[in-house]
Amino acid sequence: MSVWSAVLLAACICAAFKAFGYLIPPHLLEAPRPARISDLLTVSLLAALVAVQALGAGQAVVVDARIPAVLVAAGLLYLRQSFLVVVVAAAASAALLRLVGWAV
């Protein structure tokens, strides 16, 4: 199987899952338990994405300037700063740490 065949197969499977979702009756999805699960699933997937992007480098786990930058961003978000301030502060902290040679 070529790469393009795998990509097309994955796209068809995703489209089938999406179409199957429309066939589920709304009263099943509006119950408290499925609503809570879907809310928690969204948060956990976002947390996993942040962890992979912050700690991953290929197949290895690395600790570099991204970790303090994520912590700065989390702190500013906790303080309810605007998104632009959060991004600029996180980027500046990572840049400063790389400038002083703490992490590459």
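**Close-up views of helices α4 and α5**

**View 1. R98 in helix α5 and its spatial relation to D64.** R98 lies in helix α5, in what is a predicted model. With a relative accessibility of 39%, R98 counts as partly exposed, because that value falls between the 20% limit for buried residues and the 50% limit for exposed ones. Although R98 and D64 are separated by 34 residues in sequence, their C-alpha atoms are 8.6 Å apart in space.

**View 2. Helix α4, its length and its two faces.** Helix α4 comprises the 13 residues 66-78, and because a rise of 1.5 Å a residue predicts a span of 18 Å, the 18 Å between its end C-alpha atoms agrees with that expectation. The buried residues of this helix are A69, A73 and L76. Viewed down the axis of α4, these buried residues fall within an arc of 65°, so they line one face of the helix. An α-helix has 3.6 residues a turn, so residues three or four places apart point the same way. On the face of α4 turned away from the buried side are the exposed residues L71 and Y78. The cover over the buried residues of α4 includes helix α5, residues 83-99.

**View 3. L76, a buried residue of α4, and its contacts.** L76 is found in helix α4, and its relative accessible area of 19% makes it buried, because the limit for that class is under 20%. When residues up to four places away in sequence are not counted, L76 touches Q81, V85, V86 and A89. For one of these partners, A89, the separation from L76 is 13 residues in sequence and 8.5 Å in space, taken from C-alpha to C-alpha.

**View 4. S93, a buried residue of α5, and its contacts.** S93 has its place in helix α5 and, at 16% relative accessibility, counts as buried. Once its neighbours within four places in sequence are left aside, S93 is in contact with P68, A69 and V72. Among these partners, A69 is itself one of the buried residues of α4.

**View 5. R80 in the loop between α4 and α5.** R80, which follows α4, is placed in the loop between α4 and α5. The phi angle of R80 is near 65°, a positive value in a residue other than glycine. At 77% relative accessibility, R80 counts as exposed, because the value is over the 50% limit for that class.

**View 6. The largest pocket and its lining.** About 190 Å³ of space lies in the largest pocket, whose lining is formed by L46, V50, A69, V70, A73, A74, L77, V86 and A90. Helices α3 (32-55), α4 and α5 each supply at least two residues of this lining, and α4 gives the most, with five residues. By class, the lining has nine nonpolar residues, with no polar and no charged residues. The lining residues include A69 and A73, both of which are also buried residues of α4. Another lining residue, V86, is one of the residues touched by L76.

Definitions and conventions. Residues are numbered from 1 along each chain as its sequence is written. This is a predicted model: local features need pLDDT of at least 70, side-chain atom pairs count only at pLDDT 80 or more; totals for chains, interfaces and linings use all residues. Side-chain values use heavy atoms; hydrogens and water are left out. Helices (H or I, at least four residues) and strands (E, at least two) are DSSP runs, numbered from the N terminus. The expected span of a helix is 1.5 Å times one less than its number of residues. Buried means under 20% relative accessible area, exposed over 50%, partly exposed in between (1.4 Å probe, protein chains only). The arc is that of the directions from the helix axis to the C-beta atoms. Contact means heavy atoms within 4.5 Å. On a 1 Å grid over the protein atoms alone, a cavity is a set of points where a 1.4 Å probe fits but cannot get out, and a pocket is an open set with protein on both sides within 12 Å along at least five of seven lines; lining residues have an atom within 4 Å of a point. Grid points are joined across faces, edges and corners, and a volume is the space filled by probe spheres set on the points. Ala, Val, Leu, Ile, Met, Phe, Trp, Tyr, Cys and Pro count as nonpolar, Asp, Glu, Lys and Arg as charged, and the others, Gly among them, as polar.
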